[in-house]
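User: I would like to learn how to read the links between side chains in a protein model. Could you take me through them with an example?

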Amino acid sequence: MFIGMQPAQADWTLAPNGNWISQTPTAIGVSVDGVKALSLTCANGSPLIYTSGYPATPGQNRQDSFTVIVEGRDFPVTGEHSPPDGLWTGTPPAGLVEALKKGRVADIRPPGQGKVRMSLKGSSRAIDAALAGCMPVADQASSPPTGGGTGRIVLTGALIAEACGGAFDIADGAELTGLLDGDDKPDIVLDWAGVTCADRSRGRGAGRCGINMCSVEVFFTQTQSSQQLLGLQPQIVNRAFGKSALRTLALRPSCPDGALECVVDWRWTGTRLEPAQ
């Protein structure tokens with residue numbers, strides 16, 4: 001393992017199909033040892049930054065931070081640390097993306113690890129391409145999306161704000177987290193029925209609702225993808241062997257035997273959720 005300051009090396013590159021962490025276009029800068037990396041991608045409409053290539057250690061995933069230093073300025077990144085993967089992920093704080101695009105070198109410093117230096121040559125073009133589908137970073141980082149007037153952070157807030165064209169309200173229980181896709185990282189469930197835009201012309205659920213039902217959108221960590229399904233009152237229920245399922249309420253004519261309403265359990269097939277038979 002390399003400890004301390006390292007000389008800058010390779011230009012940044014763009015991986016159009018992502019890598020083992022994400023399947024979306026990803027900008028990647030690599031350290032002198034060719035193992036450690038700093039990467040940026042667009043996940044579910046929001047920028048995601050992560051550093052990888054560090055020694056694997058035992059332990060459960062947990063909230064943690066790492067620091068990116070550009071031109072003497074520290075940018076703490078708070079998010080999730082996966083010890084078995086030697087991986088730290090998080091949302092880039094205000095100013096970090098622009099600093100990475102304009103700087104010459106960056107130092108990466110995860111907790112308990114030596115400071116690693118990498119070149120920022122070619123970073124601007126690679127980062128712009130990787131984040132092309134994202135909401136502007138400055139809009140997200142300067143004021144974390146909140147809902148309901150409570151000041152609580154809404155994990156899907158950037159997506160909702162984009163759909164609403166600005167301010168919104170979100171009902172309690174409209175955003176859920178649980179283990180749905182087979183890995184040990186929490187997935188996010190958004191019930192658009194619980195979303196109300198300040199601009200009412202956007203429609204119920206920011207236009208994601210029909211006459212009787214609204215879209216339920218699920219964001220998976222394993223595949224870095226999302227899926228929309230129709231249902232009411234989503235909840236995450238426990239199954240055998242520590243597994244979970246998404247449960248929704250359906251209405252006639254989707255229910256068997258002419259029932260007015262019925263319960264549907266959605267289970268992970270390896271690529272998406274399907275109704276359990």
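User: Is D128 buried, partly exposed or exposed, and what is its relative accessible area?

Analyst: Keep in mind that this is a predicted model. Partly exposed covers the range between the cut-offs of 20% and 50% relative accessible area. D128 has a relative accessible area of 40%, so D128 is partly exposed.

User: Which side chain does D128 meet in a salt bridge?

Analyst: The partner is K101, with a distance of 2.7 Å from N to O. K101 belongs to helix α1 (residues 96–102) and D128 to helix α2 (residues 123–130), so this salt bridge ties together parts that are 27 residues apart in sequence.

User: How many salt bridges are there by this rule?

Analyst: The count comes to seven salt bridges. One of them is formed by the side chains of D107 and R117, at 2.8 Å from N to O. This pair links distant parts of the chain: D107 sits in strand β8 (residues 105–109) and R117 in strand β9 (residues 116–119), 10 residues apart.

User: Are D107 and R117 buried or exposed?

Analyst: Take each residue in turn. D107 has a relative accessible area of 6%, so D107 is buried. R117 has 24%, so R117 is partly exposed.

User: What about E274: with which residue does E274 form a salt bridge?

Analyst: E274 pairs with R272, and their closest N and O atoms are 3.1 Å apart. E274 is partly exposed at 34% relative accessibility, and R272 is partly exposed at 38%.

User: Which residues are joined into one network by salt bridges that share partners?

Analyst: The network consists of E98, K101, K102 and D128.

User: Now the disulfides. What is the general idea, and how many are there?

Analyst: A disulfide is a covalent bond between the sulfur atoms of two cysteines. The count here comes to two disulfides. One of them joins C164 and C197, whose sulfur atoms are 2.1 Å apart. This pair links distant parts of the chain, with C164 in helix α4 (residues 157–164) and C197 in strand β15 (residues 195–197), 33 residues apart. The angle about the S-S bond is -70 degrees, and the link is left-handed.

User: Why do C164 and C197 count as buried?

Analyst: Buried means under 20% relative accessible area. C164 is buried because its value is 1%, and C197 is buried because its value is 3%.

User: Which cysteine forms a disulfide with C255?

Analyst: That cysteine is C262, and the sulfur atoms of the pair are 2.2 Å apart. With -90 degrees about the S-S bond, the link of C255 and C262 is left-handed. Both C255 and C262 are buried.

Conventions:
Residues are numbered from 1 along each chain as its sequence is written. This is a predicted model: local features need pLDDT of at least 70, side-chain atom pairs count only at pLDDT 80 or more; totals for chains, interfaces and linings use all residues. Side-chain values use heavy atoms; hydrogens and water are left out. A disulfide is a pair of cysteine sulfur atoms within 2.5 Å. Helices (H or I, at least four residues) and strands (E, at least two) are DSSP runs, numbered from the N terminus. Buried means under 20% relative accessible area, exposed over 50%, partly exposed in between (1.4 Å probe, protein chains only). A salt bridge is a side-chain nitrogen of Lys or Arg within 4 Å of a carboxyl oxygen of Asp or Glu.
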